[in-house]
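Colleague: I'm new to this one, so could you walk me through it, one question at a time?

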Amino acid sequence: MPQYPNRQFLDFETPIKELYEQIEVNKKNAEKNKSVDYTAVIAQLEQSIVDKRKEITENLTSWQKVQLSRHPDRPYTLKYIQKMTTDFVELHGDRNVKDDKAIVGGFAKLDGETVMIIGQQKGINTKMRQERNFGMANPEGYRKALRLMKLAEKFDKPIITLVDTPGAFPGIEAEERGQGEAIARNIYEMLRLKVPVICVVIGEGASGGAMGIGVGDKVLMLENTWYTVISPESCSSILWRSWEKKETAAEQLKLTSDHMLEFGLVDGVVKEPVGGAHWDYDLAAQYLKDTLLPMIRELKQVPAEERVSQRIRKFGNMGFYEVHPVA
């Protein structure tokens, strides 16, 4: 995990950065003046960092949660795979066009349980982000994901998908190769998969790009993530012709995990380490793993046909609402 001074801080994390800077000053003073013990002071500052992280995340706005979901130090799919699983074997290509590096997937062991794990990968530096297209998949990415899901179904292995994308790639070449059809096909096929499917939003969950690997028996969200049809910036630019209203848009979209759970659009919210998943990769992965394992065992007890029927009903019931006449 990145440590200070390599760590990056969001605007509202500035008080934490200042505490880190105080620790660095005290460490340098301790090196210069060996006769003075700075241990207690440094320990107190380290505890203050934990307290400040807790204080900040207890009062986050919707926009701040969006910012946390995009934090450059936040763990991505491959980091969760590394921390949660063993014996990961990555599989490549859609057997038609090419291997889309924006989506990764393969078989892995989750505490002895063989699973197919698939997710969007953004990249951890500029070069890798360009290589992985910032987590925005082309049609061949979704077709690769579907190929891996069908492979998991063939061998009767549960599927876990990790959603983290600002959206499917909107370029003209993606549309020419059937972006809409690829996503629609995935939604259709995922509804009918006979193995347990669990989908987890680990960062950004935007529009059809997220839905392309987001249909499952259980849909979960990490605490500081968002899931909606459009990003706050794009919503602001459509409604107000400017990105300046993105904070207002984030509030009005009701896109955070607590709102999604309240609406019944997701089945649960996975706790994150104090301050966000970017503060402790091991703990973030452990929280997710502890949620997934009992869920997989529970879903495996349900007959395949019943599981498929429940999945279809679950998504078929979304979007209905009641209109109450004004008194």
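What follows is a chat about helices, cores and a few single residues in this predicted model.

Colleague: Let's begin with α8: how far does helix α8 reach from its first C-alpha to its last?
Modeller: Helix α8 covers residues 179-192, which is 14 residues. At 1.5 Å a residue, the expected reach is 20 Å. The helix in the model comes close to that, at 21 Å.

Colleague: And which elements do the buried residues of α8 pack against?
Modeller: The buried residues of α8 are Gln179, Ala182, Ile183, Asn186, Glu189, Met190 and Leu191. They pack against both helices and strands. The partners are α6, β4, α7, β5, α9 and α14.

Colleague: Take α8 and α14, then: are they oblique, roughly parallel or roughly perpendicular to each other?
Modeller: Their axes are 8 Å apart and the packing angle is about 135 degrees. Roughly perpendicular runs from 65 to 115 degrees, and roughly antiparallel needs over 145. An angle of about 135 degrees fits neither range, so α8 and α14 are oblique.

Colleague: How many residues of the contact of α8 with α14 are charged?
Modeller: On the α8 side, the contact is made by Met190, Leu191 and Arg192, and on the α14 side by Val308, Arg311, Ile312 and Phe315. Five of these residues are nonpolar and none is polar. The charged ones number two.

Colleague: Met190 sits in that contact. Which element gives the largest share of the largest nonpolar core?
Modeller: That core has 32 residues, and Met190 is one of those with the most contacts inside it, along with Met116, Ile118, Tyr142, Met149, Ile159 and Tyr227. At least two residues each come from β2, β3, α6, β4, α8, β5 and β6. The largest share is five residues, and it comes from α6.

Colleague: How many residues are in the other core, the one that lies apart from it?
Modeller: Ala108, Ala284, Ala285 and Met295 are among its members. The core they belong to lies apart from the largest one and has 24 residues.

Colleague: Ile159 came up as well. What is Ile159 in contact with, leaving aside its neighbours within four places in sequence?
Modeller: Two of its partners, Met116 and Met149, are also among the core residues with the most contacts. The full set of partners is Met116, Met149, Ala152, Leu193, Val195, Pro196, Val197 and Ile198.

Colleague: Now for another helix pair: are α4 and α13 roughly perpendicular or roughly parallel to each other?
Modeller: The axes of α4 (residues 77-84) and α13 (residues 281-300) come within 9 Å and cross at roughly 75 degrees. Angles from 65 to 115 degrees count as roughly perpendicular. The crossing falls in that range, so α4 and α13 are roughly perpendicular.

Colleague: How many residues of the contact of α4 with α13 are nonpolar?
Modeller: From α4 come Lys79, Tyr80, Lys83 and Met84, and from α13 come Tyr281, Asp282, Ala284, Ala285, Leu288, Lys289 and Leu292. Four of them are charged and none is polar. The nonpolar ones number seven.

Colleague: What about Asp267: is it buried, partly exposed or exposed?
Modeller: Asp267 lies in the loop between α12 and β8. It touches Asp217, Lys218, Val219, Leu220, Leu261 and Lys314, not counting residues up to four places away in sequence. Its relative accessible area is 34%, and because buried needs under 20% and exposed over 50%, Asp267 is partly exposed.

Colleague: And Gly123: buried or exposed?
Modeller: Gly123 is found in the loop between β3 and α5. Leaving aside neighbours within four places in sequence, Gly123 is in contact with Tyr76, Met128, Arg129 and Arg132. Its relative accessibility is 0%, so Gly123 counts as buried.

Colleague: How far apart are the C-alpha atoms of Gly123 and Asp267?
Modeller: Along the chain, these two residues are 144 residues apart. In space, their C-alpha atoms are separated by 28 Å.

Colleague: One last thing: where is Lys254, whose phi is positive?
Modeller: Lys254 is a residue other than glycine, and its phi is near 50 degrees. At 35% relative accessibility, Lys254 counts as partly exposed. Its place is the loop between α11 and α12.

Conventions
Residues numbered from 1 in each chain as written. Predicted model: local features only at pLDDT ≥ 70, side-chain atom pairs only at ≥ 80, totals over all residues. Heavy atoms only, no water. Helix = DSSP H or I, 4+ residues; strand = E, 2+ residues; numbered from the N terminus. Expected span 1.5 Å × (residues − 1). Buried < 20%, exposed > 50% of the residue type's maximum accessible area, 1.4 Å probe, protein only. Contact = heavy atoms within 4.5 Å. Axes fitted to C-alpha atoms, helices over the stretch in contact; angles between N-to-C directions. Parallel < 35°, antiparallel > 145°, perpendicular 65-115°, else oblique. Nonpolar A, V, L, I, M, F, W, Y, C, P; charged D, E, K, R; others polar. Core = buried A, V, L, I, M, F, W, Y, C linked by side-chain atoms within 4.5 Å.
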